[in-house]
Amino acid sequence: TGRSAGCSPSVTEINAMGTTPRAAEELDLLVLEYLTHTGCHGAAKALQEHMRQQSQHPAPWRPTGEEARRSIRAQILSAFDVGEGEQLFALWDSYVPPLLRKRDRTCQKLEFYIHVFVAVYPLHALNPHGPDPHTLSHAMNSFKDYLESNGASLSTNAEFLAYYALPYVPQLTEHPAFRELLTPGWAGALRQRVSDFLSSVPQLASEPKLLAIYKSYASLSMDGEHGLPRNPVEEASGESKALKERLVESELRLVETKQLTAQREAALQKASHDLLKVATEQQGRHPQSPRGQGDRAIIRRAAEILGALGMPPGPALPAAEKSLAAARRSPSPAGTRGPPLAGGESTRPVAEATTAYPDGGREVMPPFRPPLGRPRSVPL
């Protein structure tokens, strides 16, 4: 099918590009824009002519996929076996991506040795037609052109340096350094390396990387607002900005939480000290009673808890200990006498009132004074 000019591809068309390359129209225009921008006017003019011819007589795209890879691998090895350099390199240039050939060292080495094999094939033992000086001269000239163009980048590698003299050696069959190149063992080892490489490279017979990039961008740009294509880069930048704002807000909340926690800890520590002080004063009023001794144990326990929480009890605990020590040195008398009564009457001993506790302790309570004389009359 042909390409419809001015028609942008849909997601369905992009996914079906293996058989109907509708996106080629827009891709050609993008490439044309780039060539014009970079000053490649000759290439841009040639591309415009190509686009005009394609619009009238569209050519099918090359096959891709696993089945195509197996077929291309078999064709390359068949051309290798018969020394067909032109067919071999035509397949190599078409189906091995240029980016892989430029950056992959294994691919560069194999391509160099394939050129060496094709150059010496007219004299090789595998050649069924025998030595042919005319064919050898043509093969050596082709190898020389390769050394001066694509193979020039490997001239600094010591592994390949000796092969740059290969086109100028008059008698290859007698040269000790190049004689091994004409043996079936060397050719068989090279063929196996080429086969292994073609079997392990997923880029062989794959769709162009530019097309893959375009497909990804087109699929991301289909769901913009109001039917406009959305920019994935701008959306990613917006999301990154929103995440940074959320991070700043989280840090501010964390600082506020720390401040609030510090204030609450300070208030809790102050309240604990005040409570301990009040308990100490209460215990000092009844230092010798069993309940007072129990209060002292409670105060001790409270001080231990405050220490475990990282809040020292302060001076309240030493004051309580001093109060208890003073009380033990000055015990209270067993009985008391009441104060003088009104009317000059003298006081008399009164009985102490005590309160018993379940643990057997006793606490002295304030004495009870019975009324003296007649009670006053209460008016009705």
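Is Cys40 buried, partly exposed or exposed? Cys40 is partly exposed, at a relative accessible area of 34%. The views below come from a predicted model.

**View 1. Two cysteines, Cys40 and Cys107.** Cys107 has 0% relative accessibility, so it counts as buried. The cut-off for buried is under 20%. Cys40, with 34%, is partly exposed. Disulfides number zero in this structure.

**View 2. The largest nonpolar core.** This core holds 48 residues. Trp92 and Phe112 touch the most other members. Five elements are listed here as giving two or more residues: helix 4 (66-81), helix 5 (85-95), helix 7 (105-120), helix 8 (133-148) and helix 10 (184-200). Helix 7 gives the most, with ten residues.

**View 3. The surroundings of Trp92.** Neighbours within four places in sequence are left aside here. Trp92 is then in contact with Ile76, Arg101, Cys107, Glu111 and Ile114. Val194, Phe197 and Leu198 also contact Trp92. One of these partners, Cys107, is the buried cysteine of View 1.

**View 4. Helix 7 against helix 10.** The two axes come within 11 Å. They cross at roughly 140°. The crossing is left-handed. Helix 7 makes the contact through Thr106, Cys107, Leu110, Tyr113, Ile114, Val116 and Phe117. Helix 10 brings Trp186, Ala187, Leu190, Arg193, Val194 and Phe197. By class, the contact has eleven nonpolar residues, one polar and one charged. Among the residues here, Cys107, Ile114, Val194 and Phe197 are also in contact with Trp92.

Technical notes:
Residues numbered from 1 in each chain as written. Predicted model: local features only at pLDDT ≥ 70, side-chain atom pairs only at ≥ 80, totals over all residues. Heavy atoms only, no water. Disulfide = S-S within 2.5 Å. Buried < 20%, exposed > 50% of the residue type's maximum accessible area, 1.4 Å probe, protein only. Core = buried A, V, L, I, M, F, W, Y, C linked by side-chain atoms within 4.5 Å. Helix = DSSP H or I, 4+ residues; strand = E, 2+ residues; numbered from the N terminus. Contact = heavy atoms within 4.5 Å. Axes fitted to C-alpha atoms, helices over the stretch in contact; angles between N-to-C directions. Left-handed = near helix turned anticlockwise from the far one by under 90°. Nonpolar A, V, L, I, M, F, W, Y, C, P; charged D, E, K, R; others polar.
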